Amino acid sequence: MNFLKAEWQKLAIINYEIDPEILEKYLPEGTELDFYHGKCYVSLVGFMFLNTRLLGFSIPFYRNFEEVNLRFYVKKKEKNAWKRGVVFIKEIVPKYALSFVANAFYKENYKTMPMNNDIQINDDELTVQYSWKDKSWHSLRITADCNAMPMENDSEFEFITEHYFGFTKRKNKTSEYEVCHPQWDHYQIKDYQLDIEFSALYGKEFEFLNEQIPVSVMLAEGSEIEVNTKKYIV
């Protein structure tokens with residue numbers, strides 16, 4: 001059953017290599033960390049939620065909004081096949097009702113903060129910026145070539161974007177939900193700027209990201225998506 005339908009557009013993705021031990025306490029029962037060429041990744045992702053429909057209904061004032069999340073990558077074996085998914089450290093949205101629904105129904109760690117976006121398309125350049133505020137403003141900004149390119153097989157971009165399940169951990173329980181979407185095109189990055197205080201947003205264990213250079217920076221075009229109703233697996 002489809003719980004939510006929407007469009008995810010202009011996904012700005014900042015990838016860092018991280019010590020797997022830092023993520024162990026966030027790992028849901030029944031899953032294990034997923035690595036790309038031996039590297040453990042954590043990603044900061046900002047994007048637009050557009051034309052959002054909950055259980056088939058479009059709710060006024062809640063159709064279009066920003067989201068920024070910090071996530072890492074896991075996999076779970078089921079019937080001799082791997083389900084590849086993500087676990088969210090924290091998801092930030094601009095309206096309290098969004099956080100309430102997500103936390104109540106999906107047991108995610110959503111927080112509400114003031115947010116804004118600035119997306120500009122010129123003849124040969126695309127600029128995407130997402131900003132959010134706790135005690136001070138944080139932002140990520142990416143400038144890219146405006147011509148989208150198709151995904152390459154076995155690429156880092158494929159690894160980051162082709163995790164189609166969300167896994168959540170609440171005490172000793174694990175739940176799972178599927179996110180359905182086609183493969184995404186991506187843009188060639190020209191420049192990026194980050195103004196983020198990771199320790200203030202995510203705690204002392206992520207403070208090292210303030211000084212760490214990203215492994216990669218990506219900008220995905222996005223698409224329509226469907227989020228299916230969750231189920232408990234452990």
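Phe206 is buried, with a relative accessible area of 0%. The model described here is a predicted one.

**Phe206 and its surroundings**

Leaving out residues up to four places away in sequence, Phe206 touches Ile18, Ile22, Leu23, Tyr26, Leu70, Ile89 and Phe198. Phe206 also belongs to the largest nonpolar core, which has 40 residues. Within that core, Leu44, Phe72, Trp132, Tyr202, Phe206 and Leu219 are the residues that touch the most other members. A second core of 28 residues is separate from it, and among its members are Leu4, Tyr36, Phe65 and Val93. In soluble globular proteins, nonpolar side chains tend to be buried together.

**Aromatic pairs**

The model has 13 aromatic pairs. In one of them, the ring centres of Tyr26 and Phe206 are 6.1 Å apart and the planes meet at 45 degrees, so this pair counts as tilted. Tyr26 sits in the loop between helix H1 (20–23) and strand E2 (32–33), while Phe206 sits in the loop between helix H4 (198–202) and strand E13 (216–228); the pair therefore ties together parts that are 180 residues apart in sequence.

Tyr36 and Phe159 make another tilted pair, with 5.3 Å from centre to centre and 35 degrees between the planes. This pair also links distant parts of the chain, 123 residues apart: Tyr36 is in the loop between E2 and strand E3 (41–54), and Phe159 is in helix H3 (residues 156–161). Both Tyr36 and Phe159 are buried.

One aromatic cluster is made up of Trp8, Phe47, Phe49, Phe65 and Trp184. Elsewhere, Lys75 lies over the face of Trp82, at 4.5 Å from the ring centre.

**A four-stranded sheet**

An open sheet of 4 strands runs in the order E7-E8-E9-E12, and its pairing is antiparallel. Which strands stand at the edges? They are E7 (115–121) and E12 (189–195); each has a single partner strand, so one side of each is left without a neighbour in the sheet. On average, and with direction ignored, neighbouring strands of the sheet are turned by 5 degrees against each other. Strands of a sheet pair through backbone hydrogen bonds, either parallel or antiparallel.

E7 and E8 are paired antiparallel over 7 bridges, and a hairpin connects E7 to E8 through 3 residues. Strand E8 (residues 125–133) is in turn joined to strand E9 (residues 137–145) by 9 bridges, again antiparallel. The connection from E8 to E9 is a hairpin through 3 residues.

Individual bridge partners can be named. Ser131 in E8 is the bridge partner of Asn116, and Ser131 also stands opposite Ser139 in E9. Leu126 stands opposite Ala144 in E9.

**Two loop residues, Met113 and Glu211**

Met113 lies in the loop between strand E6 (110–112) and E7. Is Met113 buried or exposed? Met113 is buried, with a relative accessible area of 10%. Apart from neighbours within four places in sequence, Met113 is in contact with Ile92, Val93, Pro94, Trp132, Lys133, Asp134 and Leu201. Trp132 is one of the residues that touch the most other members of the largest nonpolar core. From Met113 to Phe159 the separation is 46 residues in sequence and 29 Å in space, C-alpha to C-alpha.

Glu211 is found in the loop between H4 and E13, the loop that also holds Phe206. Glu211 is exposed, with a relative accessible area of 71%, whereas Phe206 is buried. Glu211 and Phe198 are 13 residues apart along the chain, and their C-alpha atoms are separated by 9.9 Å.

**Residues with positive phi**

Most residues other than glycine have a negative phi, and most peptide bonds are trans. His37 has a positive phi although it is not a glycine, and Asn51 likewise has a positive phi without being a glycine. The table sets out where these residues lie and how accessible they are.

| Residue | Phi | Location | Relative accessible area |
|---|---|---|---|
| His37 | about 50 degrees | loop between E2 and E3 | 62%, exposed |
| Asn51 | about 50 degrees | strand E3 | 25%, partly exposed |

His37 shares the loop between E2 and E3 with Tyr36. Tyr36 is buried, whereas His37 is exposed.

Technical notes: Residues numbered from 1 in each chain as written. Predicted model: local features only at pLDDT ≥ 70, side-chain atom pairs only at ≥ 80, totals over all residues. Heavy atoms only, no water. Pairing = 2+ DSSP bridges. Axes fitted to C-alpha atoms, helices over the stretch in contact; angles between N-to-C directions. Phe/Tyr/Trp six-rings, centres within 6.5 Å; stacked < 30°, edge-to-face > 60°. Buried < 20%, exposed > 50% of the residue type's maximum accessible area, 1.4 Å probe, protein only. Lys NZ or Arg CZ within 6 Å of the ring centre and 35° of its normal. Core = buried A, V, L, I, M, F, W, Y, C linked by side-chain atoms within 4.5 Å. Contact = heavy atoms within 4.5 Å.
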